[in-house]
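Here is a short briefing for a reader meeting this structure for the first time. Keep the sequence and the 3D view open while you read.

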Amino acid sequence: MAFGFKPKYIEEFYLDKFTSKQFLTIAIETAKKLQWQIDYISETGFIAFTNNGRWKWNAKITFKIDGSRASIKSECIGNEMFDWGKNKKVIEKFTNLFIDLKYSLKTEDVELMFEEIQNIVPLEQDILSKAPQTTNEKITDAFSIFIPRPGFYVTPILIDLNILVWLVMLFSGVHWLAPDTESLINWGANFRPLTLEGEWWRLLTNCFLHIGVLHLLMNMYALLYIGILLEPLLGSLRFISAYLLTGITASIASLWWHDLTVSAGASGAIFGMYGVFLAMLSTNLIEKSTRKALLASIGLFVGYNLLYGMKGGIDNAAHIGGLVGGIIIGYAYIPSLKKPEESQLKFWTIGILTLIILVSSFVFYKKLPNDIGKYGKKMEQFALMEQKALKIFGMPRNSPKEKLLSEIKDSGLYYWRENVKLLNEVEKLNLPEQFHKKNKIILQYCKIRILSYEFIYKAIEEDSDQYQLQIDEYNIQIEETLNKLRSLAGEKQ
């Protein structure tokens, strides 16, 4: 895809019995009656712009006379890849009015008009035949994809924002190619145990994070492509609303499907925009010839990426969630797109869609089970109680006997027994098998600690060495149990 391409429509005329000056004069008068803004006039033509308003679609019109023929070209000002027939309509309006004037104006009237044009605008240098772009001009055009403009406003902002987030992450020390899981979570990735434990904002922040520069570039290319196609058709408000809402539906789908996946990237929202476009392509909002080619192209893109997403390491649930959300939003937009003059219908559609998606997402958010999140909280409690239970080993050797015994009984044994209760509660949670396996080993570790503390208590209370053999045996069992846990952690990695 060449991003410098601008959609256009061209028609040609024969001068017939008219001179080039007469033909040009009638064409300029036509442009004035259409209220075009004429920026340049020469003896061989003119350049004008439609005047539909700052934030609406506009075109550049080039009228040029070459010998016995004249041509008029209408091309998009923005970065649209398709004009949905708008350039053709511009030319049709011009042609209809031009024909009326051509047969209604008298020759002497045309001559007077031409003299007025000469008096107001010197017809000198002809810039209608421009030289090819220089390298610097091409570079400037390439950078234009990052600059918001009417008809292409939201897409550059989204691209800039995603790149900015990646740069900030990079300068904060996150790896540029393969950021680790901890970094992604710290920066707001979607992770079920945390997202469902009150960190709901991850549903949106994860849409602006990327797992390395390659992930960023691929997603920004896809966003640019769909933005060039879709934003001019939807308008900026519909486009940004659909992007954010499908980002949320993608995140909710990812939470529903995955227990422990750390999800990040704009692809869920981007798939949502492709879903919106697929809905548009199934209607007559777009000309049939254009619709058929685009439907094949977009369908192939979506199908390929969904199939590719079935391989490991790709959050296909987010892709599907975004796509389905986008299709629903796309069909909801159709009535207001068919009646562009009814602005209230557009705002009501966006408002109702936002309310429905946010409320339904909230219900899903609250009803999704989060036993892994609960497990994480329980294990945080476990770690705190374990720390308190082990305080005895930090006490000075010359501590009074009564203080040592009190520490073992009231702190050590108490907290190990509390941890046993906690681990028995954990066993009731709906967890993956590896969690239950780990839990049983930790439970065994706690029970051995309790037996060891009981013998240590007796040895201190009786001031005797007769329990040392049992204590040493339990210490060996404790070390073996800890090694099992380390081994299990290594397998997970």
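The points below cover helix packing, nonpolar cores and two single residues.

This is a predicted model. Three helix pairs are described: helix 1 with helix 2, helix 9 with helix 11, and helix 15 with helix 16. The largest nonpolar core has 59 residues, and helix 9 supplies the largest share of this core.

**Helix 1 and helix 2**

- Helix 1 spans residues 20-33, and helix 2 spans residues 86-104.
- Their axes lie 9 Å apart, at an angle of about 125 degrees. That angle makes helix 1 oblique to helix 2.
- The crossing of helix 1 with helix 2 is right-handed.
- On the helix 1 side, the contact residues are Phe 23, Ile 26, Ala 27, Glu 29, Thr 30, Ala 31 and Lys 33. Helix 2 meets them with Phe 94, Leu 97, Phe 98, Leu 101 and Lys 102.
- Eight residues of this contact are nonpolar, one is polar and three are charged.

**The largest nonpolar core**

- Seven of the 59 core residues touch the most other members: Leu 230, Leu 234, Tyr 243, Phe 277, Met 280, Ile 298 and Tyr 333.
- Eight helices each supply at least two residues of this core: helix 5, helix 6, helix 9, helix 10, helix 11, helix 12, helix 13 and helix 14.
- Helix 9 (213-234) is one of them. Its share is 13 residues.
- What does Leu 234 touch, leaving aside its neighbours within four places in sequence? Its contacts are Phe 239, Met 273, Val 276, Met 280, Tyr 333 and Leu 337.
- Another core, of 39 residues, lies apart from the largest one. Among its members are Ile 392, Ile 408, Phe 435 and Leu 488.

**Helix 9 and helix 11**

- These two helices pack at an angle of about 35 degrees. Their axes are 10 Å apart.
- Helix 9 passes helix 11 in a left-handed crossing.
- Helix 9 brings Asn 219, Ala 222, Leu 223, Tyr 225, Ile 226, Leu 229, Leu 230, Leu 233 and Leu 234 to the contact. Facing them in helix 11 are Ser 267, Ile 270, Met 273, Tyr 274, Val 276, Phe 277 and Met 280.
- By class, 14 of these residues are nonpolar, two are polar and none is charged.

**Helix 15 and helix 16**

- The axes of helix 15 and helix 16 are 8 Å apart, with an angle of about 165 degrees. The two helices are therefore roughly antiparallel.
- Their crossing is left-handed.
- Residues of helix 15 in the contact include Tyr 375, Met 379, Phe 382 and Met 385. Those of helix 16 include Tyr 415, Trp 416, Leu 422 and Leu 423.
- This contact has 10 nonpolar, four polar and six charged residues.

**Two single residues**

- Is Ser 361 buried or exposed? Ser 361 is buried, because its relative accessible area is 9%, under the 20% limit.
- Ser 361 sits in helix 14. Not counting residues up to four places away in sequence, Ser 361 touches Ile 248 and Ile 252.
- Asn 398 lies in the loop between helix 15 (371-389) and helix 16 (401-426). Its relative accessibility is 69%, so Asn 398 counts as exposed.
- Asn 398 and Ile 10 are 388 residues apart along the chain. Their C-alpha atoms are separated by 98 Å.

Definitions and conventions: Residues numbered from 1 in each chain as written. Predicted model: local features only at pLDDT ≥ 70, side-chain atom pairs only at ≥ 80, totals over all residues. Heavy atoms only, no water. Axes fitted to C-alpha atoms, helices over the stretch in contact; angles between N-to-C directions. Helix = DSSP H or I, 4+ residues; strand = E, 2+ residues; numbered from the N terminus. Parallel < 35°, antiparallel > 145°, perpendicular 65-115°, else oblique. Left-handed = near helix turned anticlockwise from the far one by under 90°. Contact = heavy atoms within 4.5 Å. Nonpolar A, V, L, I, M, F, W, Y, C, P; charged D, E, K, R; others polar. Buried < 20%, exposed > 50% of the residue type's maximum accessible area, 1.4 Å probe, protein only. Core = buried A, V, L, I, M, F, W, Y, C linked by side-chain atoms within 4.5 Å.
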